[in-house]
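Hi,

Here is the structure I promised to send over. Have a look at it first, and then read on for what turned up when I went through it.

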Amino acid sequence: MFFTRKKLMWAVVIVALIFIGLQFTSPARTNPPVDPSKTLEGTTAVPADVSALFVRSCDDCHSNKTNWRWYTYVAPVSWFTIGHVDEGRRELNFSEWGSYTERRKETRLRAICQQVQKGDMPLASYVLIHREVKLTPDQVQAICDWTKQEGQRMTAK
C-alpha cells in the first residue's frame, strides 16, 4: 500500500509540474488595432438591436475586440480558445468588414444567417460557458432579416 501511495504522489507531482510548464507555452492573445472606418458599423447601417446582438454574441470571436477572460490565460484551455478566435476572425471579422470585397460581404451575409439559423453560431462550447450569448428565435430572425436586407441593398447598387 505504501509503495502505491508513493507512486501516486510522484504522478501527481509530475502532472502538476507539466501543468505549470504548459503555462509558459500559451499562444498570444491579440486584439489588433481597430479602424472605426472599416468596421461593420462604420461601413454599414446595422440596426441597434442587431448590432447589440453581434457585440454580445459574436464579437469575442469575430472582431478585433475580444474580451480575453481569465481562463484564456490557462493552458491547455488557452490553446483551444485562441485557436477558435483566430479561426473565427479568419472566417468573419466585423472589425475588417470594410476591407472585404462585395462578393465576400455577400457570402458572409448569407453565412451569418445560415449559421445562426442552424444553431452553429455561437459555438455550443462557448454558449455552455456564456449562457447570455445564446440567441432566441426572435433574435435569429432579426439577424437574418438584416442580412437579407443588407444583401439586397448591396445588389441594388
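Before the pocket comes up, one term: helices here are DSSP runs of H or I with at least four residues, numbered from the N terminus. Please also keep in mind that this is a predicted model.

First, the overall picture. The protein chain has eight helices and zero strands, so the order from the N terminus is simply α-α-α-α-α-α-α-α. Of its 157 residues, 35% count as buried. The accessible surface comes to about 10,000 Å², and carbon and sulfur atoms own 63% of that. Among contacts between residues at least 6 apart in sequence, 72% join residues at least 24 apart.

Now the pocket. The largest pocket has a volume of about 440 Å³. It is lined by 22 residues, and H62, E91, L92, Q115 and M121 are the ones closest to its centre. Helix 3, helix 4, helix 5 and helix 6 each give two or more residues to the lining. Which of them gives the largest share? That is helix 6, with five residues.

There is also one cavity of 30 Å³ or more. The space in the largest cavity is about 30 Å³, and its lining is made up of T39, E41, D59, S63, K65, F94 and S95.

On to the core. In general, nonpolar side chains in soluble globular proteins tend to be buried together. Here, the largest nonpolar core holds 21 residues, and those touching the most other members are L40, V50, F54, F94, I143 and W146. Helix 3, helix 6 and helix 8 are the elements that give two or more residues to this core, with the largest share, six residues, coming from helix 8. L40 is a good place to start clicking around: leaving aside neighbours within four places in sequence, L40 is in contact with V46, F54, F94, W97 and W146. F94 deserves a second look too, since this residue is on the list of those that touch the most other core members and also lines the largest cavity.

Helix 3 is worth a closer view. The helix spans residues 48–57, and V50, S51, L53, F54 and S57 are buried in it. Looking down the axis, these buried residues fall within an arc of 155°, so they line one face of the helix. What do they pack against? The partners are helix 2 (40–43), helix 4 (59–62), helix 6 (102–118) and helix 8 (137–156).

Two peptide bonds are cis, and each leads into a proline:

- A75 to P76, with omega near 5°. P76 is found in the loop between helix 4 and helix 5 (77–91).
- M121 to P122, with omega about -10°. P122 is found in the loop between helix 6 and helix 7 (124–129). M121 is also one of the residues closest to the centre of the largest pocket.

Finally, three residues that link parts of the chain far apart in sequence. For the contacts below, residues up to four places away in sequence are not counted.

R29 sits in the loop between helix 1 (2–22) and helix 2. Is R29 buried or partly exposed? At 26% relative accessibility, R29 counts as partly exposed, because buried would need under 20%. R29 touches W68, T72, Y73, S78 and I82. For R29 and I82, 53 residues apart in sequence, the C-alpha atoms are 6.5 Å apart.

N93 belongs to the loop between helix 5 and helix 6. With a relative accessible area of 2%, N93 is buried. N93 touches H62, S63, N64 and Y100; of these, H62 is among the residues closest to the centre of the largest pocket, while S63 lines the largest cavity. The C-alpha atoms of N93 and C61 are 8.1 Å apart in space, with their positions 32 residues apart in sequence.

E106 lies in helix 6 and is partly exposed, with a relative accessible area of 25%. E106 touches M154 and T155. The C-alpha atoms of E106 and M154 are separated by 7.9 Å, although the two are 48 residues apart along the chain.

Cheers

Definitions and conventions:
Residues are numbered from 1 along each chain as its sequence is written. This is a predicted model: local features need pLDDT of at least 70, side-chain atom pairs count only at pLDDT 80 or more; totals for chains, interfaces and linings use all residues. Side-chain values use heavy atoms; hydrogens and water are left out. Buried means under 20% relative accessible area, exposed over 50%, partly exposed in between (1.4 Å probe, protein chains only). The arc is that of the directions from the helix axis to the C-beta atoms. Contact means heavy atoms within 4.5 Å. A nonpolar core is a set of buried Ala, Val, Leu, Ile, Met, Phe, Trp, Tyr and Cys residues joined through side-chain atoms within 4.5 Å. Accessible areas come from the Shrake-Rupley method with a 1.4 Å probe; for residues, only the protein chains shown count as cover. On a 1 Å grid over the protein atoms alone, a cavity is a set of points where a 1.4 Å probe fits but cannot get out, and a pocket is an open set with protein on both sides within 12 Å along at least five of seven lines; lining residues have an atom within 4 Å of a point. Grid points are joined across faces, edges and corners, and a volume is the space filled by probe spheres set on the points.
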